[in-house]
Amino acid sequence: MLALLLILVVFSFILPAVVPLGTPWRLATDVSLTLIVVAGIVAIADRRRLAVALGVVGVLVVAVRWSEWIAPTGLHPSVRDLLTLCALTMLAFAVGMNVFGSGRALRDRIFGAIVLYLLLGLIWALVYAVVDVFAPGAFAGRSETGEDTTDWVYFSFVTLTTVGYGDIVPVSRIVRSLCILEALVGQLYPAVIIARLVSLEFAQPTDSTLR
């Protein structure tokens, strides 16, 4: 889980600042997503069914993304994004079960809670990318960067944290609804996590209860 957390941090915050847009960014994205899928499968290996399902979808994601480098097929970018969205959603579901379920060490829960929060930001980024393909003009103020996803990662996290600088603005009704939902999740998530951790702390048996 710690390795998955580090990969997510590098992909979300470091690579967009240092990797040039275009082909280098696409290569960095494919490498990062491959590592995220592999680390995610290892992190949830104890949940066998989910790990197997994620492995199947992950193989499709990796195959589709890397086949474009070997033999370009002209596959629509939205297909890659939808497959990646499915993989990250399954991973987020499994990590959420580890965070909110029973029988986990506190350290694993904390790492998992941060991982889940970052996954939520990336999931919404992919949703925005897919919506923009099928509904051009749904956003105002976005720079044209082709298949680069840095704008969507940026917009997703400033929405999740309710910063909202106003440089990229949702215009269509469906995107506005998605942004409202993401902002609500960003506000409620820390409160839910803290409440869960506190409830676990009070649920621990004390010396007086054991006597």
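Let's start with helix H6, where Thr150, Asp151, Trp152, Val153, Phe155, Ser156, Phe157, Val158, Thr159 and Leu160 are buried. This is a predicted model, so please keep that in mind all the way through. Those buried positions make up 10 of the 11 residues of H6, so the helix is largely enclosed by the rest of the structure. What about Tyr154? Tyr154 is partly exposed, with a relative accessible area of 30%. And just past the helix, H6 is followed by Thr162, which has a positive phi, near 55 degrees.

So which residues of helix H5 does H6 touch? Before I answer, a quick word on how we talk about this. Two packed helices are described by the angle between their axes and the distance between the axes. Helix H5, residues 106-134, and helix H6, residues 150-160, have axes 8 Å apart and pack at an angle of about 125 degrees. H5 and H6 are therefore oblique to each other, and their crossing is right-handed. On the H5 side, the contact is made by Tyr117, Leu118, Gly121, Leu122, Trp124, Ala125, Tyr128, Ala129 and Asp132. On the H6 side, you'll find Trp152, Val153, Phe155, Ser156, Phe157, Thr159 and Leu160. Sort the residues of this contact by character and you get 12 nonpolar, three polar and one charged.

Now look at Glu182, over in helix H7, residues 173-203. Is Glu182 buried or exposed? With a relative accessibility of 0%, Glu182 counts as buried. Leaving aside neighbours within four places in sequence, Glu182 is in contact with Gly121, Trp124, Tyr128, Ser156, Thr159 and Leu160. You can spot those names again in the contact of H5 with H6: Gly121, Trp124 and Tyr128 belong to H5, while Ser156, Thr159 and Leu160 belong to H6.

Let's move to the aromatic rings. How many aromatic pairs does the model have? The count comes to eight. Take Tyr128 and Phe139: their ring centres are 5.7 Å apart and their planes are at 80 degrees, so the pair is edge-to-face. Tyr128 lies in helix H5 and Phe139 in strand S1, residues 139-140, so this pair ties together parts that are 11 residues apart in sequence. Both Tyr128 and Phe139 are buried. A second pair to look at is Tyr154 with Tyr165, which is stacked, at 6.5 Å centre to centre and 5 degrees between the planes. Here Tyr154 sits in helix H6, and Tyr165 sits in the loop between H6 and strand S2, residues 169-170. As I said, Tyr154 is partly exposed, whereas Tyr165 counts as exposed, at 61% relative accessibility. Finally, ring pairs link Tyr128, Phe139, Trp152 and Phe155 into a cluster.

Next, follow me to helix H4, residues 77-100. I'd like to show you two of its partners, helix H3 and helix H2.

First, H3, residues 48-70: the axes of H3 and H4 are 9 Å apart, and the helices pack at an angle of about 150 degrees. H3 and H4 are therefore roughly antiparallel to each other, and H3 passes H4 in a left-handed crossing. From H3, the residues that take part include Leu50, Leu54, Val57, Val61 and Glu68. Among those they meet in H4 are Asp81, Leu83, Cys86, Met90 and Phe93. This contact of H3 with H4 divides into 15 nonpolar residues, one polar and four charged.

Then H2, residues 23-43: its axis comes within 11 Å of the axis of H4, and the two cross at roughly 35 degrees. H2 passes H4 in a left-handed crossing too. The contact uses Arg26, Leu33, Ile36, Gly40 and Ala43 of H2, together with Arg80, Thr84, Leu88, Leu91 and Asn98 of H4. In this contact of H2 with H4, five residues are nonpolar, three polar and two charged.

Let's finish at the very beginning of the chain. Met1 lies in the segment before helix H1, residues 2-18. Met1 counts as partly exposed, at 23% relative accessibility. Which residues is Met1 in contact with, leaving aside its neighbours within four places in sequence? They are Ala43, Val95, Asn98, Phe111, Gly112 and Val115. Met1 and Asp108 are also worth a look: these two are 107 residues apart in sequence and 7.2 Å apart in space, C-alpha to C-alpha.

Key
Residues numbered from 1 in each chain as written. Predicted model: local features only at pLDDT ≥ 70, side-chain atom pairs only at ≥ 80, totals over all residues. Heavy atoms only, no water. Helix = DSSP H or I, 4+ residues; strand = E, 2+ residues; numbered from the N terminus. Buried < 20%, exposed > 50% of the residue type's maximum accessible area, 1.4 Å probe, protein only. Contact = heavy atoms within 4.5 Å. Axes fitted to C-alpha atoms, helices over the stretch in contact; angles between N-to-C directions. Left-handed = near helix turned anticlockwise from the far one by under 90°. Nonpolar A, V, L, I, M, F, W, Y, C, P; charged D, E, K, R; others polar. Parallel < 35°, antiparallel > 145°, perpendicular 65-115°, else oblique. Phe/Tyr/Trp six-rings, centres within 6.5 Å; stacked < 30°, edge-to-face > 60°.
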